[in-house]
Amino acid sequence: MANEPLSLKERAGAAASTGTAQLLERAVLLLLFAGLLLGILAVLRPFGTGILFGAILAIAAWPLRKALLRRGLSRGLTATLLLVVALAVVVLPLMALAPGLGERLTQGAGRLQDYFASAPQVPSWLAGLPIVGERLARIWDQAMHAEGGIRTMIEPYSAELRQMLVGAAGALGASVLQIILSLVVATFFWVSGDTLVAALRDILGRLGGETAGAELDVAGSAVRSVAYGVVGTAVIQAVIMAIGLALAGVPGAVLLGFVTLLLALSQIGAPLIIVIWAGAAVWLFGQDQQGWGIFMIFWGLVVTVIDNFIKPLLIGAGVAMPMSLTILGVFGGFVAFGFLGLFIGPTLIAIGYTLLEAWRGAPRRDAGAPVR
């Protein structure tokens, strides 16, 4: 009979068939959604570096944006002012520095090699220093007259160092377009960032509850911590170094300031900043400018130790990330994203590290406790 009720076995088979169909539909839907995400990522991939750097720049300047808005400025005017500041502080110096930077670095390294290849005599001021002068003069002579000369000793390292510096300079020139794109992205965030933050909070809240939504503030704090503590400190050291070199009349002050920036950002190369100002002091003494040479030594010492005082102030309430992770972020970011990766790499690692620390610090749930 048509109206005869289905048996238990038939109903179980129909339910299983319905469940299988729903599972297949969900699998197809997930595959389509994954394909959509892959397509979006493929479209955004050429602009990924600019988007990431723009987001970092926007988050770093967010407190300044809030302060301007509190003073009654509109969002559009605030974004315009921040864009003008970013152009003056970031883009214009880079566009002035990038052309020919690699060639100038190569020439500078060549002149330094030629200087040591000539086995110069120990400077009189160095030999005349009290207590240590005689010993330093003896070390100088031994280094200059070692087997093969000092040029032979430094040759294996100079080529790699020159290649690294020229590579960084070339990456800087190639990043100008990405920097301009990043300013466009940052301006968009400064104009309508509140809407975007609210949407992100809602999405994270739906996915992981109130705790996940609150982690957005933790991630922002991590970005500002790296932007101020690591990048900000390196920029300050580089600018102070360049100013001191220019005041003393040392050639290539801007170029040496750029090298200082790279060394300070790398963390592991920060001790080599001493080589820059010490070499400048030696050159000044060799030019019979003893006053400026002493000034350069004093100025260089300030540049070398100032990060110990500036960095804690700039980090503030942010995260103090281990130096090993910062070093990995700097070099890994450079390999992955080019010159801007020097800033993007440590920032991404800081976000991950901060979120992991926040998760570890959250109270643990009991195994049998319900998840609310």
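Student: Which residues does tryptophan 277 touch, not counting residues up to four places away in sequence?
Tutor: Good place to start, and keep in mind that this is a predicted model. Tryptophan 277 belongs to helix α11, which covers residues 273–286. With sequence neighbours up to four places away set aside, the residues that tryptophan 277 touches are Met241, Met296, Ile297, Gly300, Leu301 and Thr304.

Student: Is tryptophan 277 buried or exposed?
Tutor: The cut-off to apply is that buried means under 20% relative accessible area. Tryptophan 277 has a relative accessible area of 8%. That value is under the limit, so tryptophan 277 is buried.

Student: How many Å apart in space are tryptophan 277 and glycine 244, C-alpha to C-alpha?
Tutor: Let's place glycine 244 before giving the distance: glycine 244 sits in helix α9, while tryptophan 277 sits in α11. Along the sequence the two are 33 residues apart. In space, C-alpha to C-alpha, they are separated by 9.2 Å.

Student: Which residues is glycine 244 in contact with, leaving aside its neighbours within four places in sequence?
Tutor: Glycine 244 is buried, with a relative accessible area of 0%. One partner, phenylalanine 295, is 51 residues away in sequence, yet the C-alpha atoms of the two are 8.6 Å apart. Tryptophan 277 also touches Met296, which is a partner of glycine 244 as well. The contacts of glycine 244 are Phe295, Met296 and Trp299.

Student: Now the whole chain: what percentage of contacts between residues at least 6 apart in sequence join residues at least 24 apart?
Tutor: The protein chain has 15 helices and zero strands. Of its 372 residues, 33% count as buried. Among contacts between residues at least 6 apart in sequence, the share joining residues at least 24 apart is 71%.

Student: Where do the buried residues of helix α3 lie around its axis?
Tutor: The buried residues of α3, which runs over residues 62–70, are Trp62, Arg65 and Leu68. Viewed down the axis of α3, they fall within an arc of 120°. An α-helix has 3.6 residues a turn, so residues three or four places apart point the same way. The buried residues of α3 therefore line one face of the helix.

Student: Which residues does leucine 82 touch, not counting residues up to four places away in sequence?
Tutor: Leucine 82 is part of helix α4 and counts as buried at 5% relative accessibility. Two of its partners, Arg65 and Leu68, are among the buried residues of α3. The full list for leucine 82 is Leu64, Arg65, Leu68 and Trp190.

Student: And threonine 187, leaving aside its neighbours within four places in sequence: which residues is it in contact with?
Tutor: Threonine 187 lies in helix α9. Its relative accessible area is 18%, and since buried means under 20%, threonine 187 counts as buried. Its contacts, leaving aside those sequence neighbours, are Ala79 and Leu83.

Student: Which element gives the largest share of the lining of the second largest pocket?
Tutor: This pocket holds about 1,100 Å³ of space. Elements that give two or more residues to its lining are α2, α4, α9, α10 and α15. With 12 residues, the largest share comes from α9.

Student: How many residues of the lining of the second largest pocket are nonpolar?
Tutor: The lining is made up of 35 residues. Lying nearest the centre of the pocket are Val89, Val90, Val231, Val235 and Phe343. Within the lining, three residues are polar and no residue is charged. The nonpolar residues number 32.

Student: One more residue: what relative accessible area does aspartate 307 have?
Tutor: Aspartate 307 is found in helix α13, residues 307–315. Beyond residues up to four places away in sequence, aspartate 307 touches Thr233, Gln237 and Pro312. Buried means under 20%, and aspartate 307 is buried because its relative accessible area is 19%.

Note on methods. Residues numbered from 1 in each chain as written. Predicted model: local features only at pLDDT ≥ 70, side-chain atom pairs only at ≥ 80, totals over all residues. Heavy atoms only, no water. Helix = DSSP H or I, 4+ residues; strand = E, 2+ residues; numbered from the N terminus. Buried < 20%, exposed > 50% of the residue type's maximum accessible area, 1.4 Å probe, protein only. Contact = heavy atoms within 4.5 Å. Arc of directions from axis to C-beta. 1 Å grid on protein atoms, 1.4 Å probe; cavity = no way out; pocket = protein on both sides within 12 Å on 5 of 7 lines; lining within 4 Å. Points joined across faces, edges and corners; volume = space filled by probe spheres on them. Nonpolar A, V, L, I, M, F, W, Y, C, P; charged D, E, K, R; others polar.
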